[in-house]
Each structure stands twice: as structure tokens, then as C-alpha cells.
Amino acid sequence: MPPVTARDPPHTGPRPGEPDDAPEKGDALPPMTVIHAAVGDPEAWRTVLGTYARRVYAFVRSRGLDAHASEEVTQSVFVTLSQQLAAGKYREAGRFEAWLFRVASNRARDELRRRRRQARPVDPVAFDRDAEAEPARAQEDELAALRGAIARLGEADRAIIVLRHHAQLSFKQIAEMNHEPVGTALARHHRALQKLRKLLESPIASPSPTPRGTDA
Amino acid sequence: MNEQTPHNPTDPLEHRLDALGASLRDEPDGMFEQRLARALAKAEPAPGRWSIHHWLAMPAVRLAASVALVSAVGAGAWWGLNTRHAADPAALTLAALTEDIDHWLDMDLSLSSPFSTDLGALDAEARALDVFASDELAWWSDDWLTPEAARHGETG
């Protein structure tokens, strides 16, 4: 390995242009944990919850639901998970994260639709409004601005940003979740970052949220 | 930032996004996991409820099941062949051929035995062997010799 000089900053992640081969950005489950959880092993469930509960919460919260609703949806996701595991419906060996976050995504979307039908005050910028209404949670202005910019992204762009940075999925897992090549996930992430950067540079002139699928 | 780089770990924006993600993950209180565990305990099926899917999901069980299946098929095939042979020896070509060879060997041994004194039986067997040999020769002539060689054999 060549020595690191002042001109070569230490590199901890993948080199530019290389795919992200790391198994996961967040923690991984020990082998067989899912199998043990399927039969109701409390220790296995503690591991599953400890590894994923807050990541699922952050993912759901970033989709535009308030804190209370996000916790309810997270509960519902894990209850569904346990029921499907107990019924032997988990078939995607080695793709547990993709399966889990697909369930979470569907649940969050269903909840958002339900709230819209009931005319509850949840919309794509609720995430932004939460940041303004709860200053204790947005202690840094920078993060508050970032939340506002994410809320203004289109559905697809926001999803990939949230999956990557809030749910801590690897690009491989995101690609598996969306049934697309890893290269496509990388490119979509790159485009979403560019849009986010533009929104952050001109927050006042930023347009209203795009409905969905802006990165076709 | 290099615009051609889809994922740049040194990008400040990505660091800020990671920080925001961390703050969201820290948002629930310390009882969050326990509340989830209680909700699961209410909805979860009773522990120890195994199904065939759970067993088959385990690699060791899958391997053992495969070995058992192959063994069962092999044993069944062996049993079937033996049963068929016992019921109808002629049905199994290899077994029938083996019996024929045994029979011929017995004949040969009886002919070549220096202790045989039954001249009538020897004569009969010699005649039978003669017929057999001529049949064999005809077979060879028909199937293996060229027409020219067969003619040469007739004239010679």
C-alpha cells in the first residue's frame, strides 16, 4: 500500500468511481437472527429491534410523518414483520434490509394517503414544518435548512437520500429494494444530491415540491 | 466535488445528511425499543411455533433433507431392481446373461473333466456343442465377415 502523503488525504470510503461494496452502512444482523426471530426468540427480536428500529423510525419520519405517527408506523412495520416471518413468508434470504424497508416504505405511504384522505395536516413539507415548530429538535440552523431542502425534493429523490443517509442502507441494498442495478442507485443518489445542493444554495427561490419521479 | 463521482465520502453535504439522520434516529426516547417489544409481544405468535418453512430455511436442515431424499431414492431403486429380478430373471438382461454364462461354463467344465466316464452323456454334450459351434460360426459369417471373405470361407 503506498504511503499516505499530504497531497493524498486519508481515504476511508470507496474511491471515486468505485461502487460501494460495503455490506451495509449501518450495523448488520448476526447470521440466523432472522430465523430465530421468526420463532419468537426474544433475544433475536431484541437484536432486530436494536439494529433496525431507529433506522426505520428515521426513514418513516423523513417521509413526512410527525413523531407520534412515525412511531406508530414503525410499530406496525415490526408487527407485520413478525407476522410474516412466523407465517414463513420471508423468502428473500440475504435481503432482509431491502424487504424490511420496502415494508416500511409501503406503510409510510399508506399512512400518508390515509391522512390525506382524512384531511389531516400532513403533506410533503410536514418534515420542514416540524423543524420550524420544534426548535429544540433543530438546534442547528444548518440541519433545519437541510430538512427544509429535503422536504422540497421530489418523492423519488427524497426516498433515495433518506434511505441512504437516514436509514443507513448501502447502495446494494437500495438497489435490491428498488429492483434496479447498483449503478442506477448510485446515479440517482448523485442526481438527488445535486438537486439538494441547488435547493440549499437558493432556498428562497426554490420551487414548490415536485410531485414524484423527478429523476426519471 | 468531482461531478463524475456518484458517491463521495468526503462531501460535506453527505456528512450533513448523515448528521441529520443520526439526529432523527436519536429522536425517540430511551423507552422506544421497549414499547416496540411490548407491541410485538402482543401481536407475535407463541414462541416455538415452527413451520416447515423455518426448518427449510436452515442450511443444515436443507442439506440433511437432500441427503435423506437421495438415499431414499437410491434405496427404492435398488429394492425395485432386486424385486424385479427375483420375480422374473429373464426381465433383467444382465442377470439373464450372467446365468447363461454360468450355464455354459458348467457345460465346458463337465466336458473337460478328466473324471467323466459317462460316454453317452459326453457324446450328447459333444453333439450339442457341435450344433452350438456351427450356429456360432454362421453368426460370425453372417455378421462379421465381408461377403468376399465369406465366399472365400465357403470355397476354401
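Axes here are lines fitted to C-alpha atoms, for helices over the stretch in contact, and the angle between two of them runs from 0 to 180 degrees between N-to-C directions. The legends below describe views of a predicted model.

**View 1. Helix 3 of chain A crosses helix 2 of chain B.** The axes of helix 3 of chain A and helix 2 (residues 32–43) of chain B come within 9 Å and cross at roughly 40 degrees. An angle from 35 to 65 degrees is neither roughly parallel nor roughly perpendicular, so helix 3 of chain A counts as oblique to helix 2 of chain B. The crossing of these two helices is right-handed. On the side of chain A, helix 3 makes the contact with A:Thr74, A:Gln75, A:Phe78, A:Val79, A:Ser82 and A:Gln83. On the side of chain B, helix 2 contributes B:Leu36, B:Ala39, B:Leu40 and B:Ala43. Sorted by class, this contact has six nonpolar and four polar residues, and no charged ones.

**View 2. Helix 6 of chain A packs against helix 1 of chain B.** Helix 6 (residues 141–152) of chain A and helix 1 (residues 12–25) of chain B have axes 10 Å apart, at an angle of about 95 degrees. Angles of 65 to 115 degrees count as roughly perpendicular, and therefore this description applies to helix 6 of chain A and helix 1 of chain B. Chain A supplies A:Glu142, A:Leu143, A:Leu146 and A:Arg147 to the contact, while chain B supplies B:Arg16, B:Leu17, B:Ala19, B:Leu20 and B:Ser23. Five residues of this contact are nonpolar, one is polar and three are charged.

**View 3. Helix 4 of chain A and its surroundings.** Helix 4 covers residues 96–117 of chain A. At 1.5 Å a residue, its 22 residues should span 32 Å, and this agrees with the distance between its end C-alpha atoms, which are 32 Å apart. The expected span is 32 Å because 1.5 Å is multiplied by one less than the number of residues. Buried residues of helix 4 of chain A include A:Phe96, A:Trp99, A:Leu100, A:Phe101, A:Arg107, A:Glu111 and A:Leu112. Among the elements of chain A that cover the buried residues of helix 4 are helix 1 (33–38), helix 2 (42–62) and helix 3 (67–86). Helix 7 (155–165) and helix 8 (171–177) of chain A also belong to this cover.

**View 4. Chain A as a whole.** Chain A has nine helices and zero strands. Of its 216 residues, 43% count as buried. Among the contacts in chain A with a separation of 6 or more, 65% join residues 24 or more positions apart.

Definitions and conventions:
Residues are numbered from 1 along each chain as its sequence is written. Chains are lettered from A and ligands numbered from 1 in the order in which they are written. This is a predicted model: local features need pLDDT of at least 70, side-chain atom pairs count only at pLDDT 80 or more; totals for chains, interfaces and linings use all residues. Helices (H or I, at least four residues) and strands (E, at least two) are DSSP runs, numbered from the N terminus. Angles under 35 degrees count as roughly parallel, over 145 as roughly antiparallel, 65 to 115 as roughly perpendicular and the rest as oblique. Two residues are in contact if their C-beta atoms, placed from the backbone, lie within 7 Å. Ala, Val, Leu, Ile, Met, Phe, Trp, Tyr, Cys and Pro count as nonpolar, Asp, Glu, Lys and Arg as charged, and the others, Gly among them, as polar. A residue is buried if 20 or more other C-beta atoms lie within 10 Å of its own, exposed if 12 or fewer, and partly exposed in between; C-beta atoms are placed from the backbone. A crossing is left-handed if the near helix is turned anticlockwise from the far one by less than a right angle, and right-handed if clockwise.
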